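Hi,

Here is the structure I promised to pass on. Have a look at it first, and then read my notes underneath.

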Amino acid sequence: MTEKILLKGNIALAKGAVAAGCRYYFGYPITPQNDIPEFLSAELPKIGGTFIQAESEIASINMVLGASASGVRAMTSSSGPGISLMQEGMSYMAGSELPGLVVNVMRVGPGLGGIAPTQGDYFQATRGGGHGDYFNIVLAPASVQEMFDLAIKAFELSDKYRNPAMILCDAILGQMKEPVVLEETKTVIPPFKPWALTGSKGRKPQFLKTLYLSDGEQEAHNLELKEKYDRLREEDVLFEAKGLDDSEIVIVAFGTVSRIAKTAIQMAKREGIRVGMIRPITLFPFPTEVIRETAKKIPRVLVVEMNTGQMLQDVKLSIESSVKLRFYGRPGGGIPTPEDMLREIRVMFNEEGF
Amino acid sequence: MKKVFSRPKSLIDRQTHFCPGCTHGTAHRLVADAIDHFGVQEETIGVSGVGCAVFMYDYFAIDAIEAPHGRAPAVATGIKRVHPKKIVFTYQGDGDLASIGTAETIHTANRGENITIIFINNTVYGMTGGQMAPTTLLGQKTTTTPYGRNFRNDGYPIRMAEMLATLEGVAYSTRVSMHNAKEVLKAKKAVRRAFEMQIEGMGLTFVELLSACPTNWRVKPLEGQKRVEEELIPYFPLGVFKERKGKDFL
């Protein structure tokens, strides 16, 4: 089917979640994302799903946690202030390795701010947001079509890595209407999850937890999580690149801003300035590699965001500098010893070319 | 010889980390007894709160999850909505249920989620070292009420079983104690009734168990049981505050 229908971004996202087999939604009202719960409160009961308007965002994310622990695809949606309240639950989900989708239709802040579009929650989304040493999988749609497509993708990645995923968008993407092609409706059967809590019939009882008190236990857990994040960086980076071959300047922008950039690139072209663009689609994992390689060829990079410079830091980290930078870290209560540091010093000192 | 007393099947044969005179062990037994009594060990999912109750999964031979502090009823809601036929219960202390998780407790009860809440009220924060709980009695000394709890500064001890009994979604709300054998037997009946009503789909069932925390009360184990009887019960009266008869609410 290639029939196009006109849909609002928020509705496309909700339809994408349903197409992904998500039948459990828990949320609390906040502008500018209310179309999502309103649509799903009508849709889910019709298809055997569950919709609960929770007493708070704290309760919402914990209902997602409970449903996800039970083996199904579950989601919530909110905006900045509500997402702040969900950070506790997201940290626990990352810690107990539970999938689940959180949608942030960003609004301006800090505080109550307003409902104007922004990208001010980039740090909150890409740095984990809550306490502890973890990351969320973060996807940034730039069209109503992608609101649908990336909702499905987010559930796939979330299940693949047993890690919470977030769709980071803004009021423009949530509220505007565009033609969308909905993939031919096929029943997505979410994957079987052997770790899920279902009652222990026919197997040994199992449990999900985040508390690790024995010596070295938490550090081992953190290093396992790190392996997962490294695998994400290797296997599931998504970006869009345009006109990198012959341009003199490259713009890095995500979401709504990348659309505006396309017009600016055309205007520049009329003035004889050739501009290319890299649009990160996954904000975590960040498309470091393509930005690094591109910057070697095109050493003029313009970062445009609807905030005071947040993705800017990831772009800076991606661009190799002349200074050699090395990292050594011990998570989960491990403390670096002087011997550890001396080893690192020696490795660095003996590295070729320095 | 006839065996008249043994460890419930749903409890793992393992020494607990609980202090001498603590009644968590007894409460664990009562819950395991109810699970065994109704033959639902393989159908039950437990949700533990944060505090001394957190290690529930080390002692129960059932599927279990640890919830963020206070959020156990919300986590249990998510589980029960996915598995409406399974038996789902939370096991929470007073700080978890009546302080940081008050909103989750009240709204889960108000939605009438068909789960069982086991509430351990020992009037103190145990795991963090004896700070004031929402249930700490007036005049009671804790590490954060060194001069005794004073209502002008700290408010009053909160009576959860009575408060929850006012909510339409609650099917059963009771307070029992475990300070002597007779009361333990009554408590056992109450926990069984709560699970039974969940199996019957009656709505939320709530059992508050008055418990001793001799370590943080700074008393000897036996004096702890005495304090429950002489100081806790006069403020937290035992009894059934609500018991729904039949499914008249439907």
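Below is what I found, going from chain B as a whole to a few spots in it and in chain A.

First, some housekeeping. This is a predicted model, where local features need pLDDT of at least 70 and side-chain atom pairs count only at pLDDT 80 or more, while totals for chains, interfaces and linings use all residues. Residues are numbered from 1 along each chain as its sequence is written, and chains are lettered from A and ligands numbered from 1 in the order in which they are written.

**Chain B overall**

Chain B has 10 helices and 7 strands; these are DSSP runs numbered from the N terminus, with helices being H or I of at least four residues and strands E of at least two. Its C-alpha trace spans about 50 × 50 × 30 Å along the principal axes. The radius of gyration is 17 Å, which agrees with the value near 18 Å for a compact globule of 250 residues (taken over C-alpha atoms; the rule is 2.2 Å times the number of residues to the power 0.38). Of those 250 residues, 55% count as buried (20 or more other C-beta atoms within 10 Å of the residue's own, with C-beta atoms placed from the backbone).

**Where chain B meets chain A**

The contact takes 28 residues from chain B and 32 residues from chain A (two residues are in contact if their C-beta atoms, placed from the backbone, lie within 7 Å). On the chain B side, β1 (44-48), β2 (63-66), α3 (72-82) and α5 (102-110) each supply at least two residues. Helix α3(B) gives the most, with 8 residues. The chain B side divides into 15 nonpolar, 5 polar and 8 charged residues (Ala, Val, Leu, Ile, Met, Phe, Trp, Tyr, Cys and Pro are nonpolar, Asp, Glu, Lys and Arg charged, and the others, Gly among them, polar).

There is strand pairing across the chains too: β9 of chain A (residues 207-208) runs parallel to β2(B), joined by 2 bridges (strands pair if DSSP finds at least two bridges between them). There, A:Phe207 stands opposite B:Ala64.

Also have a look at A:Gly89, found in helix α4 (residues 80-95) of chain A. A:Gly89 is buried, with 29 other C-beta atoms within 10 Å. Leaving out residues up to four places away in sequence, A:Gly89 touches A:Ile58, A:Ile61, A:Asn62, A:Leu65 and, from the other chain, B:Pro68.

**Two helices of chain B**

The axes of α3(B) and α5(B) come within 7 Å and cross at roughly 40° (axes are lines fitted to C-alpha atoms over the stretch in contact, with angles from 0 to 180 degrees between N-to-C directions). The two are therefore oblique to each other (not under 35 degrees, over 145, or 65 to 115). B:Pro73, B:Ala74 and B:Thr77 in α3(B) meet B:Glu104, B:Thr105 and B:Thr108 in α5(B).

**An enclosed strand**

Which strand should you look at next? Try β6(B) (residues 204-210): 7 of its 7 residues are buried, so the strand is largely enclosed by the rest of the structure. On one side sit B:Leu204, B:Phe206, B:Glu208 and B:Leu210, and on the other B:Thr205, B:Val207 and B:Leu209. Strand β6(B) pairs in the parallel sense with β4(B) (residues 116-121) over 6 bridges, and likewise with β5(B) (residues 170-177) over 7 bridges. B:Phe206 is the bridge partner of B:Ile117 and also of B:Ser173.

Cheers

Notes: Buried ≥ 20, exposed ≤ 12 C-beta atoms within 10 Å, placed from the backbone.
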